[in-house]
Amino acid sequence: MSQETTETVEKDIRANWVTSSRFLFYVQVFCILAFVLGGCYKLYNHRYKGKPDVEVQKSSQYTPEYK
């Protein structure tokens, strides 16, 4: 093998399993991190904003008041 062929084989992802497994591990970590951060951001945007001030009719309360 010539030196040029050896360099090509070392850079090839199919031939060098150490480099390819490290690359695939980092891609997997990045994807999981992106999904987790995206989910947290979505939950933050749709968070519970507090008890709304709702006007309830007097006749439908627990102790109703009638006219």
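Just 1% of the 67 residues of this chain count as buried. Keep in mind, as you look around, that this is a predicted model. The chain exposes about 7,100 Å², and carbon and sulfur atoms supply 63% of that area. Its secondary structure is quick to describe: there are two helices and zero strands.

Helix H2 is a good place to start, as it spans residues 17-45 and includes Leu24. Leu24 joins Phe23 and Val27 in a nonpolar patch on the surface. Together, these three residues offer about 280 Å² of accessible area. Is Leu24 buried or exposed? Leu24 is exposed, because its relative accessible area of 53% lies over the 50% cut-off.

Now to the cysteines. The structure holds zero disulfides. Cys31 is partly exposed, since its relative accessible area is 35%, and Cys40 is also partly exposed, with a value of 46%. Both values fall between the 20% and 50% limits, so neither residue counts as buried or exposed.

Here are the three residues side by side:

| Residue | Relative accessible area | Class |
|---|---|---|
| Leu24 | 53% | exposed |
| Cys31 | 35% | partly exposed |
| Cys40 | 46% | partly exposed |

Finally, a look at the aromatic rings. The structure holds one aromatic pair. A ring also takes part in another kind of contact: which residue lies over the face of Tyr44? That residue is Arg47, at 4.3 Å from the ring centre.

Definitions and conventions:
Residues are numbered from 1 along each chain as its sequence is written. This is a predicted model: local features need pLDDT of at least 70, side-chain atom pairs count only at pLDDT 80 or more; totals for chains, interfaces and linings use all residues. Side-chain values use heavy atoms; hydrogens and water are left out. Patches are made of residues with over 30% relative accessible area and no salt bridge: like charges are joined within 9 Å, nonpolar side chains (Val, Leu, Ile, Met, Phe, Trp, Tyr) within 5 Å. Accessible areas come from the Shrake-Rupley method with a 1.4 Å probe; for residues, only the protein chains shown count as cover. A salt bridge is a side-chain nitrogen of Lys or Arg within 4 Å of a carboxyl oxygen of Asp or Glu. Helices (H or I, at least four residues) and strands (E, at least two) are DSSP runs, numbered from the N terminus. Buried means under 20% relative accessible area, exposed over 50%, partly exposed in between (1.4 Å probe, protein chains only). A disulfide is a pair of cysteine sulfur atoms within 2.5 Å. Rings of Phe, Tyr and Trp (its six-membered ring) pair if their centres lie within 6.5 Å; planes under 30 degrees apart count as stacked, over 60 as edge-to-face and the rest as tilted. A charge sits over a ring if NZ of Lys or CZ of Arg is within 6 Å of the ring centre and within 35 degrees of the ring normal.
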